[in-house]
Amino acid sequence: MSARSIAADVASGARTAVSVLDEHLARVAARESELNAFNLVTEDTARAQAEAVDAAVAAGTTVGPLAGVPLALKDNMCTRGIPTTCSSRILEGWRPPYDATVVSRLADAGAVFVGKTNLDEFAMGSSTENSAFGPTRNPLDTGRVPGGSSGGSAAAVAADFASLAIGSDTGGSIRQPAAFCGIVGMKPTYGAVSRYGLIAFGSSLDQFGPFAKNVADAAALFDTIAGHDPLDSTSIADYTPNAVDHLDRGVEGLRVGVVRELAGGEGSVEGLSPDVLASTSEAIDALTAAGAHVEEVSVPSATLGLSAYYIVAPAEASSNLARYDGVRYGLRVDAATTGEMNTATRTAGFGAEVKRRIMLGTYALSAGYYDAFYGKALKVRTMMLRDFASVYENFDVLLTPTAPTTAFPFGERSADPMTMYVNDVCTIPSNLTGHPGISVPFGVGDDGLPVGVQVLAPALQDGLTFQVGAVLEAAANAGGAS
Amino acid sequence: MSERITRDEVTHVARLARLDLSDSEIDEFAHQLSDILDHAADIEALDVGDIEPTSHPLPMVNVFRADERRPSLDRDEVLAVAPAEQDGQFRVPPVLGEEQ
Amino acid sequence: MTGAAEKGAAEKMVHEPTLPDEWELVVGLEVHVELATQTKLFCGCANEFSTEPNTNVCPTCLGLPGSLPVMNAKAVEFAMTLGRALGCEVHPSVMARKNYFYPDMAKDFQTTQYDQPTNVDGQLVLADGAVVGIERAHIEEDAGKTTHVGGGGRINDATFSLVDYNRAGVPLVEVVSRPDIRTVEHAKAYVSELRDILLATEVSDAKMEEGSMRVDANVSVRPMGSDELRTRCELKNINSVRSLGRAIEYEARRHIDLYTNGEAPRQETRHWDEEGGRSTRGRSKEDADDYRYFQEPDLVPLAPSAEDVAAIDAAMPVLPAARRARLGELSTVSADVLSTVVERGQDTLALDAIGAGADADKVLTRLQNDVAVDDWSNLTPSALAALVTLETSGDLTATQAKQVLADLIESGGDPAAIAADRGFEAMESNELEDLVDQLIADNPDEWARFTSGDDGDRKKMQGFFTGQIMKATKGQADGRAIAQLLVAKSS
């Protein structure tokens, strides 16, 4: 049952929001202890919201576009009075005194908040194994990771704990878990969705985005959350989201470029597994069959993305995470002086991956190293923007696999950070450039687990990603993907 | 093993970041950080001389708000989550060192 | 030489009198100014002093997880206004993060400007005409307040500290001068002039004692005649103009003593202890130095247009230096007199009186000496002009003029009428001389003490003779004329 049909049924009175919620909560009760998708199930809040929706429907008042739809929120979104932890000990139990703008918009739309989902601590990771509260398991195979950092949100949707979810994407943290869990996940144009209340990791990269079982639902969710926010200086003025309008436009005559450096072509990054590439190839066929002009295209600097990202993101993070010092909120480990207290608190409160990135970022910004690392990475960003800009003169959208492999087993990539980081090689470039991208399930790998393909579009062309995604989804459902 | 990042540098960076690392952690981080930065050798080798850095994916300028009051937070809600408070203020152990 | 060097060179001719001749004082001042906006720099919390801690706070100025800054348009306008008032060029600029840990900083970084500040390359012209270069004036946010409790009240004795974030996020402009200041008096004059500009433009209420203007002094010395820049120390915790003078003097001597003993000062930040009259070591700069500046990703660059700057220039009030210059062009009085008249806001009155034909020097000196009151609203320009003219034409003595002036200040009116009411007429000068001769003849002992006594005697006897004459003339005589006559007759 899609989110849109739930919304339609609730609005018409055919079903009550409370009964929809109860159904979802029953599934949570059945499998949550196995999957650990949530840091917190917010049943009381959800029930109050559902009851309010039903009361409004009964009274004949207009309800919001998502009224009664159960929705999960990644636990790096500020929810007033509700613990928001970023899956870190340092924020365990912290109740924000304010709501993220996106949270307010969703509440206004009538969504029902099922709970706060698990993530890699402070959104740093690609498997949700870095959570301080235990990993989330992939609903399709519990011996496998759900991807990360928004693993909890992806799992919640894949397991039907919620019909929709919000995640955040800094280097692929929505798209990759969507691919691993066989659902749709989308990263908006940077600035399309407000970051006010998004607990920052990489400020010039972070965006909230939608998870859903299908492209149309994701589009509806996108349209609800996107749009200018005066509380976010980096949010785009005059942005009117219209993803839903794009759903039926098809791809006739559309120019699709397959980025060879990210899709196993000449000069490609390594590690792209053959079954993933095979699915990508089938996706190309599907688009061609639907009338698109598909060609290989070169974006040379795309291969530099990983290196640039693993300098820019940690650098910003090292500064963003300085505020966790035990003074005003969160964990405090007492000591004789404030300085020692800061150190003791952070040492106890942060996990290894967070510490690693803080160290990396601090180093990259430190005296003597700024030019060689951070300064250079920002220039690589410029190069990438230019390369993509010139490619988009001749192509409308680009196609790549979402991730190099299907969901991997727990622990497989934990020994060496680099093996985990390469998960993001296909998604990272669009975080650096700020371009939108969507992951749509297309076929399965040799292990029977889902493969995701990624559609990228120029900045502000979020609608195009849904447009092409819808065609791919239709083809996959019609048996065009194996 | 000659690492790109030495133990001393790791210790120095940890201090800047207010992190306390054990001996084995220092070694581990020295190795891992060196490894990650080695992988960044591809951009290190690049000649990017004339290129301007981009801090922001989207070119925006001049975003302002009017000089108008908005409600502040209720102090009780603010201090309710404070690890320690006294007389309406956040209480911390003695602070050594000058403000900048 | 470049312009800046020329200005600096002009300073070389000036020597700080409290230092030995062979040493030259080199001072640069960093002044943090709180802007007079309604709200903070990045959020809508009130920019006002409150005795209740942590009541003017919100997610943004508390740096709560997920919070974001949005730039206050008025703060930027004030910053550019101050920059233009200081003759700076206004540039496109970006905000940057200065990263360090301190509990009064909610984010453990300060959002400030680093390598692309709003205002660069200006100058401040002091009352005596000396010019101090302004390197930059940039925008930044203030930190909260930490109070150290227990023990001796000093940081190192405290048993705990308390933090209040009401002040966190208040908009500041930091004005950084070039190291062009060569005397303590100039340092004080710099602060005073800057304050006048801030008040004239209404950018800040600039009260050092309340902390809305904070002065840090960078002090070094060098051999007179050299143009090297030696190690400097930054002095903090200077809370008044008087302290500024004491602190600079102390620190310069401390450096000189070190050099004289074959040592050298360390580059460091030092704390000025006003009670103890000395500076003490603060934290060594090494540890604190790596701020890892990078462009603030949560804000976008500022790009003022030529129209924006033109609008600021068009709205600029006449600044103190220009007001002094206006009067200076018309008169020959000293810089002190001009300063005082302008500071009090009496320059328009003076200009109007001068415009009505009164003697400029006399107008200004009368204002400086005799209108040191809070309210002179009863004194009109035409009345002032008429009064001054009565004096300069000899119709009134100086003493009489002062009395009429006092009446005008008290209750307004027409000077000639007031003089007539009081029965004032000028004395003929030979009438006065006759009187003096008579008194000398009548009081030979006193006269002998006046002519041959020491300074104390002369003063006393002058008072005696003047008093006698005043008695005889019922206060009509001109005191200065008496003094001149006494001197003339004693030689």
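## Exercises on a predicted model

**Exercise 1.** Decide whether A:T128 is buried or exposed, and then describe its backbone and its place in chain A.

*Solution.* The structure is a predicted model, and the first step is to count neighbours around the residue: A:T128 has 34 other C-beta atoms within 10 Å. Because a residue is called buried when 20 or more such atoms lie within that distance, A:T128 is buried. The second step is the backbone, where A:T128 shows a positive phi of about 65° although it is not a glycine. As a general background, most residues other than glycine have a negative phi. The last step is location, and A:T128 falls in the loop between β3 and α5 of chain A.

**Exercise 2.** Carry out the analysis for B:D87: is this residue buried or exposed, and where is it found?

*Solution.* Begin again with the neighbours, of which B:D87 has 11 other C-beta atoms within 10 Å. Since the limit for an exposed residue is 12 or fewer, B:D87 is exposed. Its phi is positive, about 50°, although B:D87 is not a glycine. In chain B, this residue sits in the loop between β2 (85-86) and β3 (89-92).

**Exercise 3.** Find which kind of peptide bond, cis or trans, joins A:G148 and A:S149, and place A:S149 in chain A.

*Solution.* The angle to read is omega, which is about 10° for the bond between A:G148 and A:S149, and this peptide bond is cis. For comparison, most peptide bonds are trans. A:S149 lies in the loop between β3 (112-117) and α5 (151-158) of chain A.

**Exercise 4.** Work out whether the radius of gyration of chain A agrees with that of a compact globule, and describe how the chain is built.

*Solution.* For 482 residues, a compact globule would have a radius of gyration near 23 Å, and the 21 Å of chain A agrees with this. Along the principal axes, the C-alpha atoms of chain A fill a box of roughly 65 × 65 × 45 Å. Chain A contains 16 helices and 11 strands, and buried residues make up 68% of its 482 residues. Among the contacts in chain A with a separation of 6 or more, 75% come from residues 24 or more positions apart.

**Exercise 5.** Describe the side of chain B that touches chain A: how many residues take part, and which element gives the largest share?

*Solution.* The contact takes 41 residues from chain B and 57 residues from chain A. On the side of chain B, the elements that give two or more residues are α1 (7-16), α2 (23-39), α3 (41-44), α4 (75-80) and β3. The largest share, six residues, comes from α2(B). Sorted by class, this side of chain B has 28 nonpolar, five polar and eight charged residues.

Terms used: Residues are numbered from 1 along each chain as its sequence is written. Chains are lettered from A and ligands numbered from 1 in the order in which they are written. This is a predicted model: local features need pLDDT of at least 70, side-chain atom pairs count only at pLDDT 80 or more; totals for chains, interfaces and linings use all residues. Helices (H or I, at least four residues) and strands (E, at least two) are DSSP runs, numbered from the N terminus. Two residues are in contact if their C-beta atoms, placed from the backbone, lie within 7 Å. Ala, Val, Leu, Ile, Met, Phe, Trp, Tyr, Cys and Pro count as nonpolar, Asp, Glu, Lys and Arg as charged, and the others, Gly among them, as polar. The radius of gyration is taken over C-alpha atoms; the globule rule is 2.2 Å times the number of residues to the power 0.38.
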